[in-house]
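Reader: I would like to learn how to read the interfaces in an assembly of several chains. Could you take me through one?

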4 protein chains.
Amino acid sequence: MARVVVDVMLKPEILDPQGQAVLAALPRLGVSGIVGVRQGKRFELEVDGETDAEVLARIDRLAASLLANPVIEDYVVRVESTPG
Amino acid sequence: MARVVVDVMLKPEILDPQGQAVLAALPRLGVSGIVGVRQGKRFELEVDGETDAEVLARIDRLAASLLANPVIEDYVVRVESTPG
Amino acid sequence: MARVVVDVMLKPEILDPQGQAVLAALPRLGVSGIVGVRQGKRFELEVDGETDAEVLARIDRLAASLLANPVIEDYVVRVESTPG
Amino acid sequence: MARVVVDVMLKPEILDPQGQAVLAALPRLGVSGIVGVRQGKRFELEVDGETDAEVLARIDRLAASLLANPVIEDYVVRVESTPG
């Protein structure tokens, strides 16, 4: 059993209001030194079996069609250390 | 300039309908071998200056109060490779 | 063709960090008079055929299992004016 | 005290992978008759005082800058029946 993570973030040129809200809230909370915030999605997939190239290619296609909208979002697929 | 990432996921014992929807959609898309999906949030913070222990402690407090709800969500703070 | 909307909000007793971030950002944006913000999800379902009681009961079950987590979220199902 | 709701949905021409995931999951759950699903965000704002035209104009500006990204999302502002 392995864990594959897909991170999905709005493309840098797309305004991210959620991240902007967090950024704008920081001064009131007394937090300084943070100059940018972007908010995206993180998917954790539990894979039954080996995470070989074929499995990762399948997850990449899945990410491009069901987890992210490639027109407005970038995504990254990576294998995480086996959970447990 | 450094990037700090905060991953926020529902606690394992909390049902995650978004992840369930993705999981239930997989067979129809011909994707097999994935036995679990969880969906969470990913925040990317750009920090102006060094990411020393004090900055990370500040971001940890921020995560616990503004980025995640610790009653139902777990979060992880980590420094990513410097962007650019 | 009719549209059914399912609104999903965190239960009032569950802290909503996303809404808190928006609320905390308002003073800096010069917006006053807003004393609370909650952020939830909105699903728009296009139904092929009549939205009779049986269809709405089915969508209610769907909402309780796939759109919302009833342990931490409340949901409301309602028929909107026919689109188009 | 009044409640103002801001609904934010991806523009119709923007692919919505979250909604697609729900739609693709329906057959497996035995739900038929739903031909489209879109997922968006719902913000509930508690307003202290009257929701006159000036307040609504302010919330409209807020929606356009902090709650939605008008390049990819549509939003609707409306006054809901007073809570409580």
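Reader: How many residue pairs are in polar contact between chain D and chain B?

Author: Keep in mind that this is a predicted model. The count between chain D and chain B is 2 residue pairs in polar contact, both residues at pLDDT 80 or more. Salt bridges are listed separately, and across this interface the rule finds 0 of them.

Reader: Which helix of chain D gives the most to the side that touches chain B?

Author: That is helix α1 (residues 17-25) of chain D, with 6 residues. By class, the side of chain D that touches chain B has 6 nonpolar, 2 polar and 1 charged residues. The contact takes 9 residues from each of the two chains, D and B. About 680 Å² is buried between them, and carbon and sulfur atoms give 58% of that area.

Reader: Let's turn to chain B and chain A. What area is buried there?

Author: About 2600 Å², with 66% of it from carbon and sulfur atoms. B:R42, B:E44 and B:R58 supply 19% of the area that chain B buries against chain A, more than any other three residues. In terms of contacts, 31 residues of chain B meet 31 residues of chain A.

Reader: How many salt bridges and polar contacts go with that?

Author: There are 2 salt bridges between chain B and chain A. In one salt bridge, the side chains of A:D7 and B:R42 meet at 3.0 Å, N to O. The rule also finds 14 residue pairs in polar contact across this interface, both residues at pLDDT 80 or more. As for the elements, β2(B) gives the most to the side of chain B that touches chain A, with 14 residues. That side divides into 17 nonpolar, 5 polar and 9 charged residues.

Reader: How does strand β2 of chain A run relative to β2(B), parallel or antiparallel?

Author: Antiparallel: 13 bridges join β2 (residues 34-47) of chain A to β2(B). To follow the pairing, start at A:Q39, whose bridge partner in β2(B) is B:F43.

Reader: And how should I read the symmetry of two copies?

Author: In general, two copies of a chain are related by a rotation about an axis and a shift along it. Here, a turn of 180° and a shift of 0.0 Å along the axis lay chain B on chain A with an RMSD of 0.0 Å. That is the relation of a two-fold axis. In chain B, the C-alpha nearest the axis belongs to B:K41, 2.2 Å from it. The same surface serves both copies, since 100% of the contact residues of chain B recur in chain A.

Notes. Residues are numbered from 1 along each chain as its sequence is written. Chains are lettered from A and ligands numbered from 1 in the order in which they are written. This is a predicted model: local features need pLDDT of at least 70, side-chain atom pairs count only at pLDDT 80 or more; totals for chains, interfaces and linings use all residues. Side-chain values use heavy atoms; hydrogens and water are left out. Contact means heavy atoms within 4.5 Å. Buried area is the accessible area (1.4 Å probe) that two parts lose on being put together, summed over both. A salt bridge is a side-chain nitrogen of Lys or Arg within 4 Å of a carboxyl oxygen of Asp or Glu. A polar contact is a pair of N or O atoms within 3.5 Å; within protein, one must be able to donate a hydrogen and the other to accept it, and residues adjacent in sequence count only if both atoms are side-chain atoms. Helices (H or I, at least four residues) and strands (E, at least two) are DSSP runs, numbered from the N terminus. Ala, Val, Leu, Ile, Met, Phe, Trp, Tyr, Cys and Pro count as nonpolar, Asp, Glu, Lys and Arg as charged, and the others, Gly among them, as polar. Two strands pair if DSSP finds at least two bridges between them. Copies are superposed by least squares on the C-alpha atoms of residues with pLDDT of at least 70 in both.
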